[in-house]
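Please explain how this chain is held together, following its charged pairs, one of its helices and its nonpolar cores in turn.

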Amino acid sequence: MIYMENALTYEDYFKLRESVGWLNFSREQAQKAISNSVYTIIATEQSETVGMGRLIGDGMYYIIADIVVRPDFQNREIGTKIMDMLMTFVTRETPVGGRSSIHKARGTAFFQCSSCHAKQETIPCGTDDIEINAQCTTTGRYFGAALPKNKIHGQKANVKCPYCGELVAGNVIKQEGARQIVFRDVRNAKDPYFQYPLYFQTQYRGKVIWALNREHLRALIDYLSADIRTDLETTDFRFDQLPTFMKTAKNRDKIVKLFTKLWEK
């Protein structure tokens, strides 16, 4: 497997997104996005691009986007290698004494965790758009597109082929039950998608305590600080299965102080 820096093309970008069932953008949008990327990685096998990753940012804040590995090449740690290279780039570009913040693009992954009790997120593939699958009658190539709901009437819709620009009649795909990736558990205080250590974590008496994100951290602080602890009146988190040591009276105040320090980082 060969990994190449800043060699991502529109054609490879389109094919890789298509290979995992993601909707594609117009050529103009995609090419502009690729050109504006801070850093890109592609993985190639026998001159064929089978994986990619992009980094967007301004030198202080970075967003990781479009981590894709072709299905027939998955489970070979290609995605992990791409992530490592993106993270290495950020570390290399951060000046001595400086710091950088890295985020995943929203919609990259969805999860439901039985450890932190965050409920599964369901973000449709374009809330107001309808997916169209079509085959170009000129090039013979299949492609996906999206149109606003108010442009759809019936089970067919005309969409422009991204390869030749011809208008093609495509099939309307229902949006109910939109595609999603579900990660059931956070293990060993690691991100459920990329398997990197969570930012909000520390130790209490040899045990790792952590929060998935800032919202989860705030909810933990509020719950453990409350005089009367009942299940929070929220649809996002449940705390009935928190480890007993976290809810014990003699530990709560100390754990809240540790979580508060994390909040102030």
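Arg70 is buried, since its relative accessible area is 17%, which lies under the 20% limit for that class. In this predicted model, Arg70 forms a salt bridge with Glu48, and the closest N and O atoms of the two are 2.8 Å apart. The pair links distant parts of the chain, because Glu48 belongs to strand E3 (residues 48-57) whereas Arg70 sits in the loop between strand E4 (61-69) and H3, 22 residues apart. The partner is placed in another class of accessibility: Glu48 counts as partly exposed at 41%.

This contact belongs to a wider set, for a search of the whole structure finds 7 salt bridges. Side chains of opposite charge can pair when their charged atoms come close. Another of these pairs is formed by Glu11 and Arg27, with 3.4 Å between the closest N and O atoms. Glu11 is part of helix H1 and Arg27 is part of helix H2, so this salt bridge ties together parts that lie 16 residues apart in sequence. Glu11 is partly exposed, with a relative accessible area of 38%, and Arg27 also counts as partly exposed, at 29%.

A further salt bridge lies within a single helix. Arg218 pairs with Asp222, the closest N and O atoms being 3.2 Å apart. The two residues are 4 residues apart in helix H4, which means that about one helical turn separates them. Arg218 has a relative accessible area of 32% and is partly exposed; Asp222, at 41%, counts as partly exposed. Elsewhere, salt bridges that share partners join Arg17, Arg54 and Asp66 into one network.

The loop between helix H1 (10-19) and helix H2 (27-35) contains Asn24. Is Asn24 buried or exposed? With a relative accessible area of 13%, Asn24 is buried. Its side chain reaches the backbone oxygen of Phe14 at a distance of 3.1 Å.

Helix H3 (residues 78-93) can be examined through its length and through the placement of its buried residues. At 1.5 Å a residue, its 16 residues should span 22 Å, and the end C-alpha atoms are 23 Å apart, so the model agrees with the expected span. The buried residues of H3 are Ile78, Gly79, Ile82, Met83, Met85, Leu86, Phe89 and Val90. These residues cover an arc of only 160° around the axis, and therefore lie on the same side of H3.

The nonpolar interior remains to be described. The largest nonpolar core has 18 residues, and those with the most contacts inside it are Ile209, Leu217, Leu224, Met246, Ile255 and Phe259. At least two residues of this core come from each of strand E12 (200-204), strand E13 (207-211), helix H4 (214-225), helix H5 (244-247) and helix H6 (249-263). The largest share, 6 residues, is supplied by H4, the helix that also holds the pair of Arg218 and Asp222. A second core, separate from this one, has 17 residues, among them Tyr39, Ile67, Met85 and Val90. Two of those named, Met85 and Val90, are also among the buried residues of H3.

How values were computed: Residues numbered from 1 in each chain as written. Predicted model: local features only at pLDDT ≥ 70, side-chain atom pairs only at ≥ 80, totals over all residues. Heavy atoms only, no water. Core = buried A, V, L, I, M, F, W, Y, C linked by side-chain atoms within 4.5 Å. Buried < 20%, exposed > 50% of the residue type's maximum accessible area, 1.4 Å probe, protein only. Polar contact = N/O pair within 3.5 Å; in protein donor to acceptor, adjacent residues only side chain to side chain. Expected span 1.5 Å × (residues − 1). Arc of directions from axis to C-beta. Salt bridge = Lys/Arg side-chain N within 4 Å of Asp/Glu carboxyl O.
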